Amino acid sequence: PDHPQGTVEPYRRESQRRKPSPGMILDATTALGIDLRRSWLIGDAPRDIAAGKAAGCRTILLVETSGPASPAAKESLAAEPDYRASSLQ
């Protein structure tokens, strides 16, 4: 729920759980016993790839051509994905 421009005062703040920070991935690792070295993060936006890289995952950038890209997907890449794919297949 944290967002620096949020409209709900208690949640208007920066958070390490917001991508491109890896906080939510690291929280899931602790809660679920995930081995990040054996994990993949698949996302359609550069912030997804940056979060996965920061957490120690391998990454796949999903570049779907079947519909319009989200505003987040149009951002510049700060980290290169390990692979690119045009569909989940």
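This report describes the sheet, one helix and a surface patch of the structure shown above. The model is a predicted one.

**The sheet**

The sheet is open and consists of 3 strands in the order 1-2-3, with parallel pairing. Strand 1 and strand 3 lie at its edges, and each has a single partner strand, so one side of each is left without a neighbour in the sheet. From one strand to the next, the twist averages 25 degrees. Strand 1 and strand 2 run parallel and are joined by 4 bridges.

| Strand | Residues |
|---|---|
| Strand 1 | 40-43 |
| Strand 2 | 58-62 |
| Strand 3 | 83-85 |

**W40 and the nonpolar patch**

W40 belongs to strand 1, and R58 of strand 2 stands opposite W40. The relative accessibility of W40 is 38%. Because buried means under 20% and exposed means over 50%, with partly exposed in between, W40 counts as partly exposed. W40 also contributes to a nonpolar patch on the surface, together with I42, Y83 and L88. The accessible area of these four residues together is about 470 Å².

**Helix 1**

Helix 1 spans residues 23-32, and its buried residues are G23, I25 and T29. Viewed down the axis of helix 1, these buried residues fall within an arc of 165 degrees, so they line one face of the helix. An α-helix has 3.6 residues a turn, so residues three or four places apart point the same way. A31 and L32, on the other side of helix 1, are exposed.

Methods:
Residues numbered from 1 in each chain as written. Predicted model: local features only at pLDDT ≥ 70, side-chain atom pairs only at ≥ 80, totals over all residues. Heavy atoms only, no water. Patch = residues over 30% accessible without salt bridge, like charges linked within 9 Å, V, L, I, M, F, W, Y side chains within 5 Å. Areas by Shrake-Rupley, 256 points an atom, 1.4 Å probe, with all protein chains shown as cover. Salt bridge = Lys/Arg side-chain N within 4 Å of Asp/Glu carboxyl O. Helix = DSSP H or I, 4+ residues; strand = E, 2+ residues; numbered from the N terminus. Buried < 20%, exposed > 50% of the residue type's maximum accessible area, 1.4 Å probe, protein only. Pairing = 2+ DSSP bridges. Axes fitted to C-alpha atoms, helices over the stretch in contact; angles between N-to-C directions. Arc of directions from axis to C-beta.
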